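Student: I would like to learn how to read a structure feature by feature. Could we take the helices, then the empty spaces, and then a few single residues?

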Amino acid sequence: MITITMYQNKQGRYTGFSCIGHAGYASAGEDIVCAGVSALVLNTINAVDAFTQDAFDANTDQKTGLIDIRFHHPVGHDVKLLLDTMALGLRDIQKNYGTDHCLIEFKEV
């Protein structure tokens, strides 16, 4: 299962997110759940980097499927919009393929 955790501060502003695991929906290279999650997450990271000034640190581990993003400061409007859009897509994947393959959660930090 892929677990995506969206981190928010007490004011509800995003401070980062992590994505870990493998969907297990199909064989490697044929897993559409994994491909969909990967496309949403990686495109969001690339968009934040290319189109905003919000700085972040990234930690990855290909073996576990870990992608961990931590912003230096709570994010601004543009990054919030990008992260809300990513979360919307991930919720749709979770709804269509079930929490056995993809789970998105929100955590106050």
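Student: How many residues does helix α1 have, and what distance does it reach from its first C-alpha to its last?

Tutor: Bear in mind that this is a predicted model. Helix α1, residues 32–51, has 20 residues and reaches 27 Å from its first C-alpha to its last, which is close to the 28 Å expected at 1.5 Å a residue. At its N-terminal end the helix is capped by Asp31, whose side-chain oxygen lies 3.1 Å from the backbone nitrogen of Val33.

Student: Which residues of α1 are buried, and which are exposed?

Tutor: The general idea comes from helix geometry: an α-helix has 3.6 residues a turn, so residues three or four places apart point the same way. In α1 the buried residues are Val33, Val37, Val41, Thr44, Ile45, Ala47 and Val48. Viewed down the axis of α1, these buried residues fall within an arc of 165°, so they line one face of the helix. On the other side of α1, the exposed residues are Asn43, Asp49, Ala50 and Phe51.

Student: What do the buried residues of α1 pack against?

Tutor: They pack against the strands β1 (2–8), β2 (14–20), β3 (56–61), β4 (66–71) and β5 (102–108), and against helix α2 (77–97).

Student: What span should α2 have at 1.5 Å a residue, and which of its residues are buried?

Tutor: With 21 residues at 1.5 Å a residue, α2 should span 30 Å, and its end C-alpha atoms are 30 Å apart, which agrees. The buried residues of α2 are Val79, Leu83, Met86, Ala87, Gly89, Leu90, Ile93 and Gln94. Seen down the axis of α2, they fall within an arc of 165°, so they line one face of this helix. The face turned away from that buried side carries the exposed residues His77, Leu81, Lys95 and Asn96. The buried residues of α2 pack against β1, β2, α1, β4 and β5, while just after the helix Gly98 takes a positive phi of about 90°.

Student: How should I read the empty spaces, and what volume does the largest cavity have?

Tutor: Rolling a probe the size of a water molecule over the atoms shows where empty space is left. A search of the whole structure finds one cavity of 30 Å³ or more, and the largest cavity has a volume of about 40 Å³. The residues that line this cavity are Phe17, Thr44, Ile45, Val48, Phe56, Ile69, Phe71 and Leu83. Helix α1 gives the most to this lining, with three residues, and α1 and β4 each supply at least two.

Student: How much space lies in the largest pocket, and which residues lie nearest its centre?

Tutor: About 220 Å³ of space lies in the largest pocket. Its lining is made of 14 residues, of which His22, Ser38, Gly65, Leu66 and Ile67 lie nearest the centre. The largest share of the lining, four residues, comes from α1, and α1, β3 and β4 each supply at least two residues.

Student: Going back to the cavity lining, are Ile69 and Phe71 buried or exposed?

Tutor: A residue counts as buried under 20% relative accessible area. Ile69, in strand β4, counts as buried because its relative accessibility is 2%. Leaving out residues up to four places away in sequence, Ile69 touches Thr15, Gly16, Phe17, Ile45, Phe56, Asp57 and Ala58. Ile69 and Asn59 are ten residues apart in sequence, and their C-alpha atoms are 6.6 Å apart. Phe71, also found in β4, counts as buried at 9% relative accessibility. With the same exclusion along the sequence, Phe71 touches Thr15, Gly16, Val48, Asp54, Ala55, Phe56, Val79 and Leu83.

Student: With which side chain does the side chain of Thr5 make a polar contact, and which backbone nitrogen does the side chain of Gln94 reach?

Tutor: Thr5 lies in strand β1 and counts as buried at 7% relative accessibility. The side chain of Thr5 makes a polar contact of 3.0 Å with the side chain of Glu105. Apart from neighbours within four places in sequence, Thr5 is in contact with Gly16, Phe17, Ser18, Glu105 and Lys107. Gln94, for its part, is placed in helix α2, and its side chain reaches the backbone nitrogen of Ile104 at 2.7 Å. Not counting residues up to four places away in sequence, Gln94 touches Thr99, Cys102, Leu103 and Ile104.

How values were computed: Residues numbered from 1 in each chain as written. Predicted model: local features only at pLDDT ≥ 70, side-chain atom pairs only at ≥ 80, totals over all residues. Heavy atoms only, no water. Expected span 1.5 Å × (residues − 1). Buried < 20%, exposed > 50% of the residue type's maximum accessible area, 1.4 Å probe, protein only. Arc of directions from axis to C-beta. Contact = heavy atoms within 4.5 Å. Polar contact = N/O pair within 3.5 Å; in protein donor to acceptor, adjacent residues only side chain to side chain. 1 Å grid on protein atoms, 1.4 Å probe; cavity = no way out; pocket = protein on both sides within 12 Å on 5 of 7 lines; lining within 4 Å. Points joined across faces, edges and corners; volume = space filled by probe spheres on them.
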